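Here's a quick tour of a protein model, written with pockets and helix packing in mind. Have the viewer open and follow along.

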Amino acid sequence: DPEPHLQVLLQMADSSITYRRRYPMVVEVESVLEVLVSDETNPRALAFQFATLLQEIDRLQEIASEGEGRERELASRALTAVRKAKVDKLAERNPDGRYSALDELIGDLRWTLYEISDVLTASYLSHLTASRLTVSW
């Protein structure tokens, strides 16, 4: 019975109240994933976080007078992946009992975040590193 684990997951994501408001009767995997993955109105959901990340990248590019960069492409790709993810597929278990589609999505998003971090560092922070090195010599 996955219900106790799902309740803990909702509590960890600080989304119990949001969930109970929408689904007052029972805790189900698909409903939990809808709230934590694809709900762009829930600040704790992946979709909300990636939409916000994309907005912040746009703001950063405006301030820095930079054109559309790789970080925007990566963030947009991640948001699209979350938006296209089908909750019913994410909630399916394989014969080993794992949520393969969810594992794959999370893994892909994790690597995309690493790439975004690397690109942002190279684009906006690398000059700071060089300055520190120059000063310390």
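Thr18 sits in helix α2, which covers residues 16–22. The model is a predicted one, so keep that in mind as you click around. Is Thr18 buried or exposed? With a relative accessibility of 16%, Thr18 counts as buried, because the cut-off is under 20%. Which residues does Thr18 touch, once neighbours within four places in sequence are left aside? Those contacts are Val35 and Asn42.

Next up is α5, which runs over residues 70–84. This helix has 15 residues and spans 21 Å from its first C-alpha to its last, close to the 21 Å expected at 1.5 Å a residue. Its buried residues are Glu71, Leu74, Ala75, Ala78, Leu79 and Val82. Why do they end up on the same side of α5? They cover an arc of only 130 degrees around the axis, and that puts them on one and the same side of the helix. The background is simple: an α-helix has 3.6 residues a turn, so residues three or four places apart point the same way.

Now for the pockets. Here are the two top ones by volume, with the make-up of their linings.

| Pocket | Volume | Nonpolar | Polar | Charged |
|---|---|---|---|---|
| Largest pocket | about 410 Å³ | 12 residues | 1 residue | 2 residues |
| Second largest pocket | about 160 Å³ | 7 residues | 1 residue | 3 residues |

The largest pocket is lined by 15 residues, and Leu6, Leu9, Leu33, Leu36 and Leu102 are the ones that lie nearest its centre. Which elements supply at least two residues each to that lining? They are α1 (3–12), α3 (29–38) and α7 (100–136). The largest share is from α3, with 4 residues.

The second largest pocket brings α5 back into the picture. Its lining consists of Arg77, Ala78, Ala81, Ala85, Leu90, Ala101, Glu104, Leu105, Asp108, Leu109 and Thr112. Two or more of these residues come from each of α5 and α7. Here α7 gives the largest share, 6 residues. Ala78 deserves a second click: this residue is one of the buried residues of α5, and Ala78 also lines the second largest pocket.

If you're colouring the model by element, α7 is a handy one to pick out: α7 supplies at least two residues to the lining of the largest pocket, and α7 also gives the largest share to the second largest pocket.

Note on methods. Residues numbered from 1 in each chain as written. Predicted model: local features only at pLDDT ≥ 70, side-chain atom pairs only at ≥ 80, totals over all residues. Heavy atoms only, no water. 1 Å grid on protein atoms, 1.4 Å probe; cavity = no way out; pocket = protein on both sides within 12 Å on 5 of 7 lines; lining within 4 Å. Points joined across faces, edges and corners; volume = space filled by probe spheres on them. Nonpolar A, V, L, I, M, F, W, Y, C, P; charged D, E, K, R; others polar. Expected span 1.5 Å × (residues − 1). Buried < 20%, exposed > 50% of the residue type's maximum accessible area, 1.4 Å probe, protein only. Arc of directions from axis to C-beta. Contact = heavy atoms within 4.5 Å.
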